[in-house]
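Let's take a walk through this structure together. Have a look at it first, and then we'll go from spot to spot.

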Amino acid sequence: MTSTPSIHTPDDASLEESRKAFLNVPGAMSSSDASVHRIKNIPGYSTPVFKEKDEQRVQVQTNVTAKGFIPRELVVNEVNWFYDHLGIDDTYFQNESVEVVSDHIIALFGAKVLAYTKHDPSKLVIDLEKMDERGATFIHTSAPGRTSTEGPGATCETRIDELYLDKAAPSNCYRLETYRSTGSISATASQQLRCYFVTKCNFAPDAPTTSSPDAKTDIRKVSDRVFLEKASEHTLKIYQDVLWQVESRYGPVIEVLEVEGSRERRMVIGYKMGGTSRFFSALSNLYHFYSLYSARKYVEQFSNGITIISLYLNPLPNTNAPPIEHSIFQIMKEVSLLYCLPDNPFFIVNAGPGHAVQEATYAYCGWIFAQHFCNRLGPAYLALKNLLDETNSAHAEALNDIKRRFREETFTRESIAQVIHAHPELIRMLYVNFAMVHYPNNEASRLMPTLSYQRLQTEQPLSDQELYDKIRRTVPNKHELQVLESFLIFNKHVLKTNFYQPTKVALSFRLRPDFLPEVEYPRKPFGMFFVIGNEFRGFHIRFRDVARGGIRIVMSRNKENYSINQRQLFDENYGLASTQSLKNKDIPEGGAKGTILPSLGASPRLCFEKYVDAIVDLLIPGRTPGIKEPIVDLYDRPEMLFFGPDEGTADMMDWAAMHARDRGAETWWKSFTTGKSAEHLGGVPHDTYGMTSLSIRQYVLGIYKQLGLREKDITKVQTGGPDGDLGSNEILLSSDKTVAVIDGSGVLADPVGLNREELVRLAKLRKPVAHFDTSKLSKDGYLVKVEDQDVKLPSGEVIIDGTDYRNTAHLRFKADLFVPCGGRPEAVNISNVAALFDAEGKPHYKYIVEGANLFIAQPSRLFLEKRKVILFKDSSTNKGGVTSSSLEVLAGLALSTQEYVDHMIFKDGNPSAFYQSYVRDIQEKITENAAAEFQCIWREHARLQGSKARTTISDELSSTLNNLQAELESSDLFDDEPSKKGVIRRAIPKTLVDQVGLDELLRRLPESYQRALFSSWVASHFIYKYGVNASSVDFFHFARDLSR
């Protein structure tokens, strides 16, 4: 890294490239001035002339005659018709061999004979194709302006998408030329042919595979050689401009060109390879919907990873369709929706009146919403829930099974789709109800209104009640009523959406979560985002205005697993966000969580990027006509979200922060994500500085201190090995006698204590226990790797399978202390917890400090505590990580961009003095908070003489802190200036106060964040000092000292 402070470093080249992907941008001009972009009526490509065409014709005649299928006297006539009257471009004859052309002529003749036997010339169907490693040729009959529903035309373009375009990459991609023939198939049949020529791209050996750093790549350097030969200078100029726009922005760039002296419109669309799928075939459906046909279409690929599609569109004669001069702007607007959802089952072109793309996209979003929120449990479940005791594990398990069964069997994806297809008119009315609120009624719409705007002006919208009554009177049963009612619920709870943004890569909706039933979701979230993309769906839930939590990618092994994940996605998200709230008890940010469910085979990275970008659409006001325009915002307040790493997203936080900066989030891009790389983006890595382990450690040391124990005398078992964050730091920070370590590679045990020097060596190298030097084990020690079979232990016991042994090893060892630092959730659960006690009922472990999230199920924690095990649960012990992330957020909000670059980002690979001091401040805060909470729980347990489990006290402490924090945020205590300054000064690390100054910090930090910071500090310090049963008088005495 250079010594010059910079966000963009040479080491970040791949990051820089990956973040220039997939945002959706219709051309540089807005719709209002697009019509003035005219071009001369000249071909965009040169027409090839095949000089050996007549020579090839003679060879073909000889070959066809020799095959004997066509009567000899008809051969010359059939060959000449094929060559001269069908209007097939010379590209075909130049590309194909004599043998292939001969076979196609015979196939055409055979089709004519078949049609003759049916006595109907319209039954003449041509289907010619040839595929090899160099590409493909497809020729078939095609009616202009119509999407075929049967015959070869019904599948040809979708096959081209799947085989050649969807998986395009610079190293393996294909260009496409397709045109409509000018002649008819025969003297008696009027059908025309559609010809497709797919050829593998041939780039120069030195062609760049990435865009130039200045986003100004020379198109000639990245073009296919055939394209360069055929494209006119004017086409190169247009494509160059589009290519530059794609490089500097994200997703499709859309330009419309008016051809002088004709009604033809040429649409040019550019986007990054891999940004969408089935897009080429979906575009045909789109313009067919408006009764347009394409004379020619081209798909060009460029070696720097960009695709450009060009459509030559003309109006069908003698139709009642809107004139192309109007419909072209509607198509331009709907291309961006099609890019988001090209494979939409509700956009059916030739089925009666059908839905326009906007209505069909709305139907799709309502379909997804209904899948998650129609399957509610109702009064029968509530009655059962009230009868059962949820603290009883058997009852809880039965209730959970019933809940899952209700969800699976009530509303399926298929049954919801059937209802939508059965009521197109009601769906149209529901769409109008949605659009009347969210369609932006801005100046540009009035200057050049799209057809959707014109349609809305002529509609007579129904009120919500009138629409509900209409639905109730129309549908035949409660099942269909509930599905359509969910659309109305969706409409009423959307606060803002990017649905009508000209630029988007996925659809996002900010929802008011009031519709969630209290029986299933007892804690009402503060805010909720719902995101729908072509390859994924996702949610983001937060329980307070200022909240932080990780973004988790939920991967599916197979179709069945995907269906399960799909049904459980929202509940999993809600549960994770709710749990996060317990852990975030003494920091400004409340609990939040995001989940992303990729479709089978989808790229998790692409899904994450689209998810982030779609949410950012709703966080940043749109100010660029034709790119990001103002949206209807019923929430009407600024919102901040803070994302962190979770399963599948740990290496994506840098991209999200940089992308927010590119999108214009100048004040908050630095705090948008935590878990950023320390060297390049000033993140504070938990593992490097042992942040989570520091809080776990305070609980271990607290037990030693309260019970008068010496650490070196304590025997310990830990899960999570020296290769992990918590496992390695637990080894490095401790000095006990560790008798067993269990990790992903196997089980390492020694009853006399494992060699600490060897454990420390592995911890520093971050290597699992499989790398332990077994020569340093005692005669009774052993290592069983997961791949081992039939291993004999020193005791004589034979381990049949190493993996099975590893999975249950934590249940068989005995020690004073057990510290889970890794492992699967609920590794100790109600069905196996009894294994942690010997035949006399004595527990295997006296003390348990649960470092790994959810390692022990809640009923099992209570079971262990009831039998005198001293146990501290995860939401109390491992909160060091969230404290560190919270203070990483604070640094991003408090420092200007230049200060952040100067102080938080490494120079020549080394941290600044400020960074090192700030990290020490964070470590002190973690230690202070963890020790304070430990003392609070220990005191309360002693006060109650053990009548209440520490697990319960911990949960009540979290709830009390969260409730008090919420009350304080809405109180006027914050408005007392001396108290506010006194608290903020103590709540913010000294290094940051010294660097920026208290008054400047108060000016820079958003008021919502200041309130959260103030209330979290006051709530936690008051409760930790006075306990969960503190009185109003206690708070009065505490509040008097806040200003000091």
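Start at the ring of tyrosine 635, where the charged end of arginine 510 sits over the ring, 4.6 Å from its centre. Arginine 637 has its charged end over the ring of tyrosine 635 as well, this time 4.2 Å from the centre. Keep in mind as you look around that this is a predicted model.

Rings also pair up with other rings here. Search the whole structure and you get 68 aromatic pairs. Take phenylalanine 69 and phenylalanine 109: their ring centres are 6.3 Å apart and their planes stand at 90 degrees, and since planes over 60 degrees apart count as edge-to-face, that's what this pair is. The two partners come from distant parts of the chain, 40 residues apart. Phenylalanine 69 is in the loop between α3 (53-67) and α4 (72-84), while phenylalanine 109 belongs to helix α6 (residues 98-117). Is phenylalanine 109 buried or exposed? Its relative accessibility is 12%, and the cut-off for buried is under 20%, so phenylalanine 109 counts as buried.

Now hop over to phenylalanine 643 and phenylalanine 672, a pair that is tilted, with 40 degrees between the planes and 4.8 Å from centre to centre. This pair, too, links distant parts of the chain: strand β17 (residues 642-645) supplies phenylalanine 643, and helix α24 (residues 669-672) supplies phenylalanine 672, 29 residues apart. Both phenylalanine 643 and phenylalanine 672 are buried.

For a helix to check with a bit of arithmetic, try α12 (residues 357-373). With 17 residues at 1.5 Å a residue, helix α12 should span 24 Å, and its end C-alpha atoms are indeed 24 Å apart, so the two agree. Helix α12 is mostly covered, too: 17 of its 17 residues are buried.

What about the empty spaces? The second largest pocket has a volume of about 1000 Å³. It is lined by 43 residues, and those nearest its centre are Leu619, Ile620, Pro621, Gly664 and Trp668. Sort that pocket's lining by class and you find 20 nonpolar, 8 polar and 15 charged residues.

There are cavities as well, 6 of them at 30 Å³ or more. The second largest cavity holds about 180 Å³ of space. Its lining is made of 17 residues, with Asp586, Pro588, Lys925, Asn929 and Ala987 closest to the centre. Which elements give two or more residues to this lining? They are α33 (880-894), α35 (913-943) and α40 (1007-1026), and α40 gives the most, with 6 residues. By class, this cavity's lining splits into 8 nonpolar, 6 polar and 3 charged residues.

Note on methods:
Residues are numbered from 1 along each chain as its sequence is written. This is a predicted model: local features need pLDDT of at least 70, side-chain atom pairs count only at pLDDT 80 or more; totals for chains, interfaces and linings use all residues. Side-chain values use heavy atoms; hydrogens and water are left out. Rings of Phe, Tyr and Trp (its six-membered ring) pair if their centres lie within 6.5 Å; planes under 30 degrees apart count as stacked, over 60 as edge-to-face and the rest as tilted. Helices (H or I, at least four residues) and strands (E, at least two) are DSSP runs, numbered from the N terminus. Buried means under 20% relative accessible area, exposed over 50%, partly exposed in between (1.4 Å probe, protein chains only). A charge sits over a ring if NZ of Lys or CZ of Arg is within 6 Å of the ring centre and within 35 degrees of the ring normal. On a 1 Å grid over the protein atoms alone, a cavity is a set of points where a 1.4 Å probe fits but cannot get out, and a pocket is an open set with protein on both sides within 12 Å along at least five of seven lines; lining residues have an atom within 4 Å of a point. Grid points are joined across faces, edges and corners, and a volume is the space filled by probe spheres set on the points. Ala, Val, Leu, Ile, Met, Phe, Trp, Tyr, Cys and Pro count as nonpolar, Asp, Glu, Lys and Arg as charged, and the others, Gly among them, as polar. The expected span of a helix is 1.5 Å times one less than its number of residues.
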